[in-house]
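The following questions and answers introduce a structure to a reader who has not met it before. Each answer sets out its reasoning before it gives the value or name requested.

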Amino acid sequence: MLHRSQTAFLKRLFPGDQLALAPAETHPARVDASRRTGGPAWAVVRPRTTEEVSELLGWAQAEGVPVTPRARGTGVAAGGIPGPEGGVVLSTLYMDRVLEISETDFVARVQPGVVTGKLQADLESRRLFYPPDPASVGVSTIGGNIATCAGGMRALKYGVTRDHVLGLEAVLPGGEVIRAGSRCHKDVCGLDLTRLLVGSEGSLAVITEAVLKLLPLPEASASLLAGFEDLERALAGAGAVFRAGLLPSALEFMDSGVLGALEKARAKSGGEVPWPKGTGACLLFKLDGSRVAVGAEIERLREALADSTPTFVKLGTDQEGEEALWDLRRMISPAMHLIAPNKSNDDVAVPRGRVAEAVARYKAIGRERGVGVYCFGHLGDGNIHVDIMYDESDPAQAEAAPQAKKEILRASVEMGGTLTGEHGVGQVKTPYLGMQLGPAERGLMARVKAAFDPSGILNPGKAL
């Protein structure tokens, strides 16, 4: 807990609603989308400037006060909640200004609290494009996306957040302000501190400004949903698409269990799903580019899928038609709770050629443990979202779910995969890091952490 002089310092630095001290006001900062509750939030501070962040971190290091950076709490790896010992939560919500949009340099300079979807809408009016699109794009922030190196559905064609961050301003524990990278689209001057900070989950520095790489806005797009008898046929169809020389901007898959959950959700709301009975898997594609190119590529896409004998094909060529298809993808998470009340979700990734094997192994683990395992996600880059659905009021299922999670993670690594493709490590994955990283690698990471944060005050217990 904070003593009187520490509280007085925070009140001076963060006047009015920039500071919350009452438990009723600080409690929301102890939870996030991981559905975990962190340690006590001694205070929540909301800086508006880099200078305020610098003064806070200088004080925190001198006083030995842990600091947890946090944005909107949309992370599912418990990376933005205090560790068990508690500490001060640094919220970036008031650092929400778009500082510059350059149509000549093709960059945007923003504070970390800018909502990603809002920035994208602002850019669209200027015919500019910032591609990263995590599922939480409408509510998550640039800072949170950078902290976890968020991916999203367009990562297949455009890459992840790391590929679109050119430069960063950040504050180290102790208060020193550093600037990594630049506003140039090519920069190999010195070690790449920018890429090191992206994905570091707030454990090395607090990001206060980002320079983002922009692209011209694609002239047109179209989406296509195709169903297949089973996942094997769906994956064969996806392979044929790549062999045809097509690179969709997004390619999602949904297994039979996920389709069943969506059928329940649509029926509950009085609607219907577009696929006929006997559909065991679906692929959802998005293409973008010039109008002429998109039109031609849609036809090539249909031809490439033909040999896999789709059970149906539904095309969306305007905004309304595309949104109708992507609404199904966005419905998956809430629909899963119609299967069972509790969910343990993972975002593993495996080599692209082993997706079918991975899904089969995950489902076998679920059957052996007596819990439901449902798979969907970003097929184009092998990033599989695995939902373990169970009822924690049933002691057998409550015990089986974490066992199944551990076995699924181990199976992923055995197939040459990774424990997390885009959600990050946070607190959720730290117990399993030894499955993928050896003592030498983890020791090196600890030394990097110590170089940035010698007192260990910044987001302790996360990512490493």
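Q: Is cysteine 375 buried or exposed?
A: The model is a predicted one. A residue counts as buried under 20% relative accessible area. Cysteine 375 has 0% relative accessibility, so the residue counts as buried.

Q: Which cysteine sulfur is closest to that of cysteine 375, and why is there no bond?
A: A disulfide requires two cysteine sulfur atoms within 2.5 Å. For cysteine 375, the closest cysteine sulfur is 15 Å away, which is too far for a bond. That sulfur belongs to cysteine 282.

Q: How many disulfides does the structure hold?
A: A disulfide is a covalent bond between the sulfur atoms of two cysteines. The number of disulfides in the structure is zero.

Q: What is the distance from cysteine 189 to the nearest cysteine sulfur?
A: Cysteine 189 is exposed, with a relative accessible area of 71%. This residue is in no disulfide. The nearest cysteine sulfur is that of cysteine 184, and the distance is 10 Å.

Q: How many residues of strand 13 are buried?
A: Strand 13 covers residues 250-254. On one side Ala250, Glu252 and Met254 are buried, and on the other side Leu251 and Phe253 are buried, so that both faces are covered. The strand is therefore largely enclosed by the rest of the structure, and the count of buried residues is five of the five.

Q: Which residue of strand 14 stands opposite methionine 254?
A: Strand 13 pairs with strand 14 (residues 281-289) in the antiparallel sense, over five bridges. Opposite methionine 254, in strand 14, stands cysteine 282.

Q: Which residue of strand 17 stands opposite glutamate 252?
A: Strand 17 (residues 372-378) is also an antiparallel partner of strand 13, over three bridges. In strand 17, the residue opposite glutamate 252 is histidine 378.

Q: How many residues are in the largest nonpolar core?
A: Phe253, Leu283, Leu301, Tyr362 and Ile384 have the most contacts inside this core. Phenylalanine 253 touches, among others, Leu283, Cys375 and Ile384. The largest nonpolar core has 50 residues.

Q: How many residues are in the second, separate core?
A: Among the members of this core are Val114, Ile178, Ile207 and Leu212. The second core has 25 residues.

Q: How many aromatic pairs does the structure hold, and is the pair of phenylalanine 9 and tryptophan 59 stacked or edge-to-face?
A: The structure holds two aromatic pairs. The ring centres of phenylalanine 9 and tryptophan 59 are 4.8 Å apart, and their planes lie at 15 degrees. Planes under 30 degrees apart count as stacked, so this pair is stacked.

Q: Which helices hold phenylalanine 9 and tryptophan 59?
A: The pair ties together parts that are 50 residues apart in sequence. Phenylalanine 9 counts as buried at 15% relative accessibility, and tryptophan 59 counts as buried at 10%. The elements are helix 1 (residues 4-13) for phenylalanine 9 and helix 3 (residues 50-63) for tryptophan 59.

Q: Is the pair of phenylalanine 129 and tyrosine 158 stacked or edge-to-face?
A: Phenylalanine 129 and tyrosine 158 are both buried. Their ring centres are 5.3 Å apart and their planes are at 85 degrees. Planes over 60 degrees apart count as edge-to-face, so this pair is edge-to-face.

Note on methods: Residues numbered from 1 in each chain as written. Predicted model: local features only at pLDDT ≥ 70, side-chain atom pairs only at ≥ 80, totals over all residues. Heavy atoms only, no water. Phe/Tyr/Trp six-rings, centres within 6.5 Å; stacked < 30°, edge-to-face > 60°. Helix = DSSP H or I, 4+ residues; strand = E, 2+ residues; numbered from the N terminus. Buried < 20%, exposed > 50% of the residue type's maximum accessible area, 1.4 Å probe, protein only. Pairing = 2+ DSSP bridges. Core = buried A, V, L, I, M, F, W, Y, C linked by side-chain atoms within 4.5 Å. Contact = heavy atoms within 4.5 Å. Lists of a residue's contacts leave out its neighbours within four places in sequence.
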